[in-house]
Amino acid sequence: MSLPEPPIAVLAELTHRCPLQCPYCSNPLELERAAGELDTEAWLRALEEIAELGALQIHFSGGEPTVRKDLETLVAAAAQAGLYGNLITSAVLLTEARVEALAEAGLDHVQISFQDTEAGNADRVGGYAGGHEKKLAAARWVRATGLPLTLNMVVHRQNLQHLPQMFELAIELDAHRIEIAHVQYYGWAYENRAALLPTRAQLEDSIAVIEAAGKTYPGLAIDYVVPDYYARRPKACMGGWGQRFFNITPTGRVLPCHAAETITGLSFDSLRDKSLREIWETSEAFQKFRGVDWMPEPCRSCERREVDWGGCRCQAFAITGDAAQTDPACELSPHHGVMAELAAEETAEAPPEFRYRRYANAPETAKLAQPPAAGREADADQPAS
Ligand code: SF4
Ligand code: FES
C-alpha cells in the first residue's frame with residue numbers, strides 16, 4: 001500500500017450548536033450535543049497533528065464556531081503551527097471586539113454565509129430573525145481589521161432571483177471573493193430537496209448572470225458550485241475521497257467528507273483513539289474509495305476517472321443506495337435519468353415548507369441515535385455563548 005499525499009485542508013467542526021436553522025445545513029441529521037464536544041486540549045493536540053501531517057489550511061466551522069469560547073485560543077495555536085486559518089461563520093454572534101481579537105490571534109481569512117440579500121427572506125431561510133443585519137455589521141468589522149472576506153451564498157429555488165444583488169453586496173462589503181454554491185443534496189438538504197431545487201429556467205438564467213458578473217466585477221474572485229441535478233458530469237467531490245481533505249466532527253470522529261456519515265455501513269475512527277496520521281493513512285473508511293481501485297464501470301475505464309474521481313460518494317449513496325456506484329450526476333451512470341426526473345417532478349409543484357435544521361426536526365431514527373441532551377444549553381438552537 002503506498003501512502004497518500006498529505007491532505008491540503010482540514011475542516012474542524014468545532015460544534016454543531018448554531019443559532020441558525022438553515023434547511024440545507026451540511027451537518028448530519030444526527031447533530032452532536034455540546035456535552036460530547038472535544039475540549040480545548042483535544043483540539044490543540046489535533047491542530048499540532050494536522051500541521052505535522054503537512055496540511056496547509058484549517059477551516060474553523062460548525063455549527064457555528066463562534067459559539068466556542070476557546071476559538072481565539074485555537075486560532076492562535078493554528079497560526080503558531082503555520083496553518084492558514086479560515087473562519088467559516090454565520091457571523092450573527094460576532095461582536096466588533098471579537099472580530100478584532102480573532103484577527104489579533106492570527107486568523108487569516110473569514111467566510112460569512114448569507115442566506116439572501118433581501119433581509120426578510122434571508123431571515124426566513126436561516127430561521128433567525130434579525131440575522132441578516134447582524135451579518136452586514138460583522139462583514140464590515142471584518143474588513144475594518146484588514147482581514148480578507150469571502151461571502152458564501154448558498155443558492156436555491158428560493159433565493160436565486162437575487163443573484164445579481166449578491167454580487168452587488170459583495171462589492172458593497174468590499175469582499176475579495178464570493179462563493180455561489182448550489183445546495184448539495186445530502187442530510188438536511190436531501191430532506192428539503194423539493195423546497196430547494198431550482199427550476200431549469202432558474203439555472204439557465206443564473207449561468208448568464210454569473211458569466212456577466214465575471215466581466216462586470218473583474219476584481220472579485222467568483223467560485224461557482226454547479227447544481228448536480230442538472231449536470232452532465234459530476235464534480236470531483238472533495239478533490240477525490242481521502243485525497244486532499246478531511247473533516248473532524250465536534251466529538252472527534254474523522255471523516256473523508258463532511259457528509260460521509262450519511263453513508264450507512266461505514267465506520268469512522270476517532271482522534272480520541274488514534275493519531276490523525278494513522279487515520280489518514282490507514283483507516284478503512286478513507287481507504288474504501290481512495291484512488292481508482294474501487295471504481296465500477298463506467299468509471300473504471302473512463303478517461304476522466306482521475307479528474308472527477310467518479311464524483312460524489314454521498315450522492316451516489318443518496319440516489320442509488322450504494323456509495324460504490326458512479327455518481328448519478330454523470331450522464332454515463334445508468335442512474336443518471338433519475339436525477340433529471342426528480343428535478344422535473346419536484347420543481348413542477350410549489351415548494352413545500354422548510355423542515356428546519358434543529359434537533360427536534362431530525363427523523364426519529366436520528367434522534368434515537370443521540371444521547372439525551374445535558375440541558376437546554378446543549379441544544380443547537382440555543383448556543384451557550
Ligand atoms: Fe467521471 Fe465516472 Fe462519469 Fe467518467 S464515468 S465522467 S470517471 S463519473
Ligand atoms: Fe461526501 Fe461528496 S459530499 S463525497
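This passage describes a helix, a buried strand residue and the nonpolar core of a predicted model. Residues are numbered from 1 along each chain as its sequence is written, and chains are lettered from A and ligands numbered from 1 in the order in which they are written. Local features need pLDDT of at least 70 and side-chain atom pairs count only at pLDDT 80 or more, while totals for chains, interfaces and linings use all residues.

Helices (H or I, at least four residues) and strands (E, at least two) are DSSP runs, numbered from the N terminus. Helix α9 covers residues 200–216, and its end C-alpha atoms are 24 Å apart, in agreement with the 24 Å expected for 17 residues at 1.5 Å a residue; the expected span is 1.5 Å times one less than the number of residues. L203, S206 and A213 of α9 are buried, that is, with 20 or more other C-beta atoms, placed from the backbone, within 10 Å of their own (exposed: 12 or fewer; partly exposed: in between). These buried residues fall within an arc of 80° seen down the axis, so they line one face of the helix; the arc is that of the directions from the helix axis to the C-beta atoms. The face turned away carries exposed residues, including E204, E211 and K215.

L151 lies in strand β5 (residues 149–155). L151 is buried, with 23 other C-beta atoms within 10 Å. Leaving aside neighbours within four places in sequence, L151 is in contact (C-beta atoms, placed from the backbone, within 7 Å) with residues including I112, F114 and L169.

Definitions and conventions. Two residues are in contact if their C-beta atoms, placed from the backbone, lie within 7 Å.
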